[in-house]
Amino acid sequence: AVNNGAAGKLNIAGATVTATNWAINNNGTANTTTTPSVKVISGTVTFTNGNTIVNSSTGLVYLTGGTVQQTNSSGAAAINNIGTGTITVEGGTVKHKKAYFSLVNNNTGTINIKSGTVITEGSASAVVNDTVDGGKINVSGGTVTGGTYGLYNRSNVSGIITVTGGTIIGLGTSHSAVYGGYGTTTIGTDDSSVDTSSPIINGTN
């Protein structure tokens with residue numbers, strides 16, 4: 001539906017973007033929260049057949065409100081970070097209604113969740129380092145709910161997961177909220193002072 005070029009800046013504010021191929025493909029390189037490549041402020045971005053938003057470059061995809069959702073495909077994410085850029089969720093909702101990831105790193109990029117909601121309703125993890133070593137997932141706020149794991153380093157992938165706040169939930173039978181796998185997982189910020197109120201991590205295993 002929308003292809004954002006290398007020098008492009010795309011803002012979604014109150015719009016409804018619906019597509020049967022990718023809804024937004026970002027090739028932009030702007031990477032600050034003041035001037036991101038793609039900013040979702042309000043409205044709804046929906047895709048039924050593949051990745052709803054694809055971040056193909058070094059740019060920042062920045063959510064402060066609205067909803068980004070994948071409603072049909074069990075083989076594509078709501079947001080797929082295939083470049084080395086950054087996805088930052090600071091409000092709004094990222095949702096997958098079937099059995100696949102809501103947010104996924106398929107390169108050495110970074111996913112930051114500071115507030116808002118990330119949820120996979122089907123039997124799959126919500127936020128994943130998938131195919132390449134070095135992807136980073138940072139959670140400092142918000143709520144992440146996976147149909148299996150909440151946060152997941154895929155087997156044989158040496159990703160980095162850091163949780164300093166927020167609520168992480170894994171709903172699958174015998175699934176943990178955070179699965180570090182072969183990577184590095186850090187919970188909290190200070191070993192000498194453990195705050196039991198944040199982060200909140202709930203799993204079935």
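Ile-79 has Leu-103, a residue of strand β12, as its bridge partner. The two strands concerned, β10 (residues 79-81) and β12 (residues 103-105), run parallel and are joined by 3 bridges. The model described here is a predicted one, and the points below turn from this pair of strands to the sheet, then to Ala-126, and lastly to the aromatic rings.

**The sheet**
- An open sheet is formed by 8 strands with parallel pairing, and their order across the sheet is β1-β4-β7-β10-β12-β14-β16-β18.
- The edges of this sheet are β1 (2-4) and β18 (178-179), each of which pairs on one side only.

**Ala-126 and its surroundings**
- Ala-126 lies in the loop that runs between β13 (110-120) and β14 (127-129).
- Ala-126 counts as buried because its relative accessibility is 0%, where the cut-off for a buried residue is under 20% relative accessible area.
- When neighbours within four places in sequence are left aside, the contacts of Ala-126 include Phe-101, Ser-102 and Leu-103, together with Val-118 and Thr-120, and also Val-144, Thr-145, Gly-146, Tyr-149 and Gly-150.
- Leu-103, which is among these contacts of Ala-126, is also the bridge partner of Ile-79.
- Between Ala-126 and Thr-164 there are 17 Å in space, taken from C-alpha to C-alpha, and the two stand 38 residues apart in sequence.

**Aromatic rings**
- The count of aromatic pairs comes to 4.
- One aromatic cluster is made up of Tyr-149, Tyr-152 and Tyr-179, and of these Tyr-149 is also in contact with Ala-126.

Key:
Residues numbered from 1 in each chain as written. Predicted model: local features only at pLDDT ≥ 70, side-chain atom pairs only at ≥ 80, totals over all residues. Heavy atoms only, no water. Phe/Tyr/Trp six-rings, centres within 6.5 Å; stacked < 30°, edge-to-face > 60°. Pairing = 2+ DSSP bridges. Helix = DSSP H or I, 4+ residues; strand = E, 2+ residues; numbered from the N terminus. Buried < 20%, exposed > 50% of the residue type's maximum accessible area, 1.4 Å probe, protein only. Contact = heavy atoms within 4.5 Å.
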